[in-house]
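Please walk through this structure with me, from the whole chain down to single residues.

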Amino acid sequence: MFDSVRDSVRATLEEIEQAGLHKPERVIGTPQSATVEVTAGGRPGEVLNFCANNYLGLADHPEVVAAAHAALDRWGYGMASVRFICGTQEVHKELEARISTFLGQEDTILYSSCFDANGGVFETILGPEDAVISDALNHASIIDGIRLSKARRLRYANRDMADLEQRLKEAADAGARRKLIVTDGVFSMDGYVAPLDEICDLAERYDAMVMVDDSHAVGFVGPGGRGTPELHGVMDRVDIITGTLGKALGGASGGYVAARAEIVALLRQRSRPYLFSNTLAPVIAAASLKVLDLLESAGDLRERLNANTALFRSRMTEEGFDILPGDHAIAPVMIGDAAEAGRMAELLLERGVYVIGFSYPVVPQGQARIRVQLSAAHATEDVNRAVDAFVDARAALRG
């Protein structure tokens, strides 16, 4: 059967390659850390890692690893079940309670990923008589989740409050029963932070709920690392927070929805990714509890991350690179051409710095970039070495 479509699939792959949009996978032979060893897919050897979501450097933290080892002995490897059958252990309930307390929400429900969390919210709480108003640059998981619902879909320009208000008026004029504004807390390709205080003001004016995917913020944004709602002082005004355990919170996998108690209760009864997916592995739940313990005294890690971010951004600006403004640890270096961004990433790897070029369809056409992600695990000399490598690679690219 496949023979009839093989040629067309191969043609598509060739088009991707020729357009410079091919995304190679490099293989590393070490734990995730500030330094990793590439074993395949690039120059072999030890390189500085500037493309992981390991913002606080906890992916290989000895206390997190020890908690994972202990959890294997205490709770076993996997649950082989969904939550409502026989897939709920004490460790899962404890983690849900801890996340709720940490984020200032009434309850939390765990998912196997944040992609699943976003995929399970909209169709559960919204119907055809409702409206969802989404930022134009929201993550693909939000876009896909919205597509699964029957709600009316409205989109506003990135962080444009005037446009958001127009969409809210449009939803109200159409008689929407429920209105839900959804935004990334931090936009993953740009490092821009959503103006949640202004969003909440509009939500209250137009009787709308607010949902935030805070995957690129929880753990290190805000005075206590509680994310963009804490940063903007609106923790009590956000109705739904989705996030991941796979970035700053240890870097493994798993996601969650922290929200009003009634919303979480309904998700437990109706959310399809929750009802039909295996329970989060207990070893991840237990290690995540240790991460939350560490976050209580992680002020030094957040300070180091902020210092590394400021150093990289200032030095790259001084060297004449086009880097999107902001102070987030996501620091996009704009290249423009997709093939050039890919070649730049290859040249950097040759110089011992592991980064990735991002191009369409991950980012818009003509806006290819290298997304640099800083970590608290990086030393000052690591950051300076990365900038020096960028300067050298740019010279080689210009030939």
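What follows starts with the overall fold and then turns to a few local sites.

This is a predicted model. Its chain carries 15 helices and 14 strands. How does the radius of gyration fit a compact globule? For 399 residues, such a globule would have a radius of gyration near 21 Å. The chain has 22 Å, so it agrees with that expectation. Along the principal axes, the C-alpha atoms fill a box of roughly 60 × 55 × 55 Å.

Now consider packing. Of the 399 residues, 53% are buried. Take the contacts between residues at least 6 apart in sequence: 69% of them join residues at least 24 apart. The exposed surface comes to about 17,500 Å². Carbon and sulfur atoms supply 50% of that area. Charge is next. The chain has 40 positive and 56 negative charges. Their mean positions lie 3 Å apart.

Turn to the loop between α2 (62–75) and α3 (83–86), where Ser 81 sits. Is Ser 81 buried or exposed? Its relative accessibility is 5%, under the 20% limit, so Ser 81 counts as buried. A polar atom of the Ser 81 side chain lies 3.0 Å from the backbone nitrogen of Cys 86. Which residues does Ser 81 contact, once neighbours within four places in sequence are set aside? They are Cys 86, Gly 87, Asn 278 and Thr 279.

Ala 80 lies in the loop between α2 and α3 as well. Its surroundings are described by another figure: the relative accessibility of Ala 80 is 71%. That is over 50%, so Ala 80 counts as exposed. The backbone also deserves a look here. Ala 80 has a positive phi of about 50°, although it is not a glycine. Most residues other than glycine have a negative phi.

Asp 207 also has a positive phi, about 55°, and it is not a glycine. Look for Asp 207 in the loop between α8 (196–205) and β8 (209–213). At 64% relative accessibility, Asp 207 counts as exposed.

A peptide bond comes next. Most peptide bonds are trans. The bond from Tyr 360 to Pro 361 is cis, with omega near 10°. Pro 361 is in the loop between β13 (357–358) and β14 (368–373).

Go back towards the N terminus for Ala 59. This residue lies in the loop between β3 (45–49) and α2. With 26% relative accessibility, Ala 59 is partly exposed. It touches Gln 32, Asn 54 and Gly 250, not counting residues up to four places away in sequence. Where does Ala 59 stand with respect to Arg 343? Their C-alpha atoms are separated by 29 Å, and their positions lie 284 residues apart along the chain when counted as sequence separation.

The last stop is Thr 317, in helix α13 (residues 299–318). Its side chain reaches the backbone oxygen of Arg 313 at 2.8 Å. Thr 317 has a relative accessible area of 47%, which makes it partly exposed. Compare its position with that of Val 132. The two residues are 185 apart along the chain. Their C-alpha atoms are separated by 38 Å.

Terms used: Residues numbered from 1 in each chain as written. Predicted model: local features only at pLDDT ≥ 70, side-chain atom pairs only at ≥ 80, totals over all residues. Heavy atoms only, no water. Helix = DSSP H or I, 4+ residues; strand = E, 2+ residues; numbered from the N terminus. Rg over C-alpha atoms; globule rule 2.2 N^0.38 Å. Buried < 20%, exposed > 50% of the residue type's maximum accessible area, 1.4 Å probe, protein only. Contact = heavy atoms within 4.5 Å. Areas by Shrake-Rupley, 256 points an atom, 1.4 Å probe, with all protein chains shown as cover. Lys, Arg positive; Asp, Glu negative; His and termini not counted. Charge placed at Lys NZ, Arg CZ, Asp CG, Glu CD. Polar contact = N/O pair within 3.5 Å; in protein donor to acceptor, adjacent residues only side chain to side chain.
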